[in-house]
Amino acid sequence: MKLGFTEQQVASWKDKSYYFKGTSNVAVVLVHGWTATPKQIFPIAKAINEERHTVSMPLLAGHGTKPEDLESVVAEQWIDDVRKAIEDVRNRAGVEKVLVGGVSMGGNLGMIVSLETKVDGIILIGTPVHLKNHVWVWIGSKIVPMFVKYGKKGYPKMVPNNELRKTTYQYFPTINVRQCLKIIKKATYSLKKITAPILVLQTSSDSVVAKYSPWVIFNSVKSEIKKLQWIKSKNNNHVMNTTEVSDSIFVIKNFIEEIKKR
């Protein structure tokens, strides 16, 4: 198999869109990150749904199948996927408030679409506007695809080999990195136009997102209601593990409740 991964491992990366129906008047669209799947955000989605809120988790184009399918996907397709998911839940009977949230690039997509389709709140989880070694990542995205077609995921030594790795492709077409960076850039340029209430959640030792990135978001958006919450992490996780999700879900629930009452 490509880059040493077995058919069984590739099969474990397959996934689909999910829809958890609630009984309140609130719906939350949660978007997974680049190369990941909706399973990545199951713990958060289930916790929100337990509060009786509807949760929609769309599968972005090129994801949840095999890494090769990302090769021809462009950023605009992901934006359209999120837009359609928001429009779908807003048209459901009983839904009066719609929030959009996402992990990593999923949050960037939420910010972008919030300027095109009305949302009542935005939840960002480890969402970057600046990456660590940002300039080198941009340079690499232009040069590496000329020599290497597929890249293999690498992790800091402190990040455990756990279930999170089963919810994301472990190799990827290097050409598609440009599309992810395009989304980050578009979201960054959108910050000063964002007025919807926004919650920014960031782990304290993220191996991907620059330390100052959450502050850039917080200080740039024009939202009257904006909150920044740091989540303690000891293992350089970019995506929250189960313990970190538990620490943050109380903040998320309170934010949704505040939006619900507006």
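Here is a short conversation about reading a sheet and one lysine in a predicted model.

Me: Let's begin with the sheet. In what order do the seven strands of the open sheet lie?

Reply: Try following the strands from neighbour to neighbour. Here the order is S1-S3-S2-S4-S5-S8-S9, with mixed pairing.

Me: Which strands stand at the edges?

Reply: Look for strands with a single partner. Strand S1 (18-20) and strand S9 (226-231) each have just one, so one side of each has no neighbour in the sheet. From one strand to the next, the twist averages 15°.

Me: In which sense do S8 and S9 pair?

Reply: Compare the strand directions. Strand S8 (residues 198-203) pairs with S9 in the parallel sense, over six bridges. As an example of facing residues, Gln 202 is opposite Trp 230 in S9.

Me: Which strands does helix H4 touch?

Reply: Helix H4 (residues 105-114) packs on the sheet and touches S2 (26-31), S4 (97-103), S5 (121-125) and S8. The direction of H4 makes about 145° with that of S4.

Me: Now for one residue. Where is Lys 253 found, and is Lys 253 buried or partly exposed?

Reply: Lys 253 belongs to helix H8 (residues 242-260). Its relative accessible area is 25%, so Lys 253 counts as partly exposed, because buried means under 20% and exposed over 50%.

Me: Which residues does Lys 253 touch, leaving out those up to four places away in sequence?

Reply: Lys 253 touches Ala 47 and Glu 51. With Glu 51 there is a polar contact between the two side chains, at 3.2 Å. Also, Lys 253 and Ile 44 are 209 residues apart in sequence, yet their C-alpha atoms are 9.9 Å apart in space.

How values were computed. Residues are numbered from 1 along each chain as its sequence is written. This is a predicted model: local features need pLDDT of at least 70, side-chain atom pairs count only at pLDDT 80 or more; totals for chains, interfaces and linings use all residues. Side-chain values use heavy atoms; hydrogens and water are left out. Helices (H or I, at least four residues) and strands (E, at least two) are DSSP runs, numbered from the N terminus. Buried means under 20% relative accessible area, exposed over 50%, partly exposed in between (1.4 Å probe, protein chains only). Contact means heavy atoms within 4.5 Å. A polar contact is a pair of N or O atoms within 3.5 Å; within protein, one must be able to donate a hydrogen and the other to accept it, and residues adjacent in sequence count only if both atoms are side-chain atoms. Two strands pair if DSSP finds at least two bridges between them. Axes are lines fitted to C-alpha atoms, for helices over the stretch in contact, and angles run from 0 to 180 degrees between N-to-C directions.
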